[in-house]
Amino acid sequence: MKTQVAIVGGGPSGMLLAQLLHVRGIDSVVLERKTKDYVLSRIRAGVLEQGLISLMEEAGCADRMHAEGFTHNGTLISYGDEMFRVDFTEHTDKPVMVYGQTEVTRDLYAARERAGGPIEFEVEDVEIHGADTTSPYLTYRVGTQERRLECDFVAGCDGFHGVSRQTIPLDVRREYEKVYPFGWLGVLSETPPVNEELIYANSERGFALCSMRNDTLSRYYIQCSLSDSPNDWTDAAFWEELKRRIPKDQADKLVTGPSIEKSIAPLRSFVTEPMRWGRLFLCGDAAHIVPPTGAKGLNTAASDVHYLYNALRDFYENGSEAGIDGYSEKALDRVWKTERFSWWFSSLLHRYPDQSPFDIKMQVAELEFLRSNKAAQRAMAENYVGLPY
Ligand code: RFL
Ligand code: PHB
């Protein structure tokens, strides 16, 4: 089999890239390790920046998002019983949209199917060959069948545990990592959200986040120990703990109910450099991870897709290699800025095991500064709604 762009990974990065390329008449084949049902059962991100919204529009996949997504003009931040709001539109003119990653991915799959674009599911043993030549190819297995895919370019959109990053030789790759000493326990429940905007809560018992998918579906998170398992937490224990971490007036109106999904995510900051090796380009979680505080993971994946899609267009439409040559540098420049914001916002809101009373005073002072200082709010809002591409 032969294609122009081989895409490893059918998560949101891979599917968005495939659909954008399709709109411009550039062929791709997507290879996905799991089944479609499995990919669409993962509950992850919930907040979309304008950049991703625009890319979904350009990909022709934005109708349901615009009909069902919710525009949010600000967010709430609490510490103890204090709560304040950062207004995005006042400071940046840009809102964000609440629309689940699961739905984004579902819309992209539907578009791919309508377009008849090839996707191979349940592929195993994917190997990328000749990425440092002008004629790379992939080998992989589906069941007992060995297959080969020849291509001009490989997009490594296979997430943090994929093969693409590992294909870049160790003497070329530099990795930067920070592992946080806690995780997030997340619960999805068919209950109305406690508040119409998200609440990021710093409490002496640890961080909590009140988020949502729509008027009847809520998503809540609490900071937990890395040694916890979701089964250690009954629904009752989860609700009890959440209520203790958010302001009392919010806790009093929280509607609880059975969880329909419960999972624990570790928190990590990670970047690999460079994001390009020859004709292999890394996109999204394959190249970088942020802690979810600030909702930057999916959105940063989308900005990579933007740079790569435009670089490939420039190559196929104008014969220019400038975009592909500049891809890694451009993408990394924005990646490091979102790494900084996610790290800062995580540091502001979580309890750390080795935190001293002085460190806690610093968190409170920073929260009070943010509460009262318009310039600080503006900096926060600019990062939250998404830095320009
Ligand atoms: P994904 O989604 O991991 O998709 C990679 C795909 O590649 C497949 N794959 C392979 N396929 C073929 N061969 C192989 N060898 C393969 N190895 C892997 C996998 O099966 C998978 O389908 O990466 P992608 O596309 O780069 O997308 C990144 C986002 O999923 C991620 O950044 C976000 O979910 C992070 N994130 C959030 N981001 C936001 O922007 N806003 C949020 O509100 C937000 N909340 C979150 C989050 C992530 C969370 N977890 C669980 C880590 C909340 C949570 C709890
Ligand atoms: C979510 O709704 O899943 C969500 C929202 C905001 C975040 C992280 C996760 O910062």
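What span should the 22 residues of helix α10 have at 1.5 Å a residue, and how far apart are its end C-alpha atoms?

**Entry: helix α10.** I opened my notes with this helix, keeping in mind that I am working on a predicted model. Helix α10 covers residues 297-318, and its 22 residues should span 32 Å at 1.5 Å a residue. I looked up the end C-alpha atoms and found them 31 Å apart, which agrees with the expected span. Next I checked what comes after α10: Gly319 follows, and its phi is positive, near 65 degrees.

**Entry: a small sheet.** I then turned to an open sheet of three strands. I read its order as β3-β7-β4, with antiparallel pairing. β3 (47-48) and β4 (70-72) stand at the edges with a single partner strand each, so one side of each has no neighbour in the sheet. I also looked at how β4 and β7 pair: they do so in the antiparallel sense, over three bridges. For His72, I found the bridge partner in β7 to be Val96. As a reminder to myself, strands of a sheet pair through backbone hydrogen bonds, either parallel or antiparallel.

**Entry: cavities.** How many cavities of 30 Å³ or more are there? I noted two.

The largest holds about 50 Å³ of space. I listed its lining as Pro12, Val39, Arg42, Gln101, Thr102 and Thr105. Helix α6 (residues 101-115) gives the most to this lining, with three residues. By class I wrote down two nonpolar, three polar and one charged residue for the lining of the largest cavity.

The second largest cavity has a volume of about 40 Å³. Its lining took me back to the sheet, as His72 and Val96, the bridge partners from β4 and β7, are both in the list. The other lining residues are Val47, Gly74, Thr75, Phe88, Val98, Leu198 and Tyr384. I see that β5 (74-79) and β7 (96-98) are the elements that give two or more residues to this lining. By class, the lining of the second largest cavity has six nonpolar and three polar residues, and no charged ones.

**Entry: Ser164.** Is Ser164 buried or exposed? I found Ser164 buried, because its relative accessible area is 0%, under the 20% cut-off. Ser164 is found in helix α7 (residues 164-167). Leaving out residues up to four places away in sequence, I noted that Ser164 touches Val8, Ile128, Gly156, Asp158, Leu280 and Leu282.

Conventions
Residues numbered from 1 in each chain as written. Chains lettered and ligands numbered in written order. Predicted model: local features only at pLDDT ≥ 70, side-chain atom pairs only at ≥ 80, totals over all residues. Heavy atoms only, no water. 1 Å grid on protein atoms, 1.4 Å probe; cavity = no way out; pocket = protein on both sides within 12 Å on 5 of 7 lines; lining within 4 Å. Points joined across faces, edges and corners; volume = space filled by probe spheres on them. Helix = DSSP H or I, 4+ residues; strand = E, 2+ residues; numbered from the N terminus. Nonpolar A, V, L, I, M, F, W, Y, C, P; charged D, E, K, R; others polar. Buried < 20%, exposed > 50% of the residue type's maximum accessible area, 1.4 Å probe, protein only. Contact = heavy atoms within 4.5 Å. Expected span 1.5 Å × (residues − 1). Pairing = 2+ DSSP bridges.
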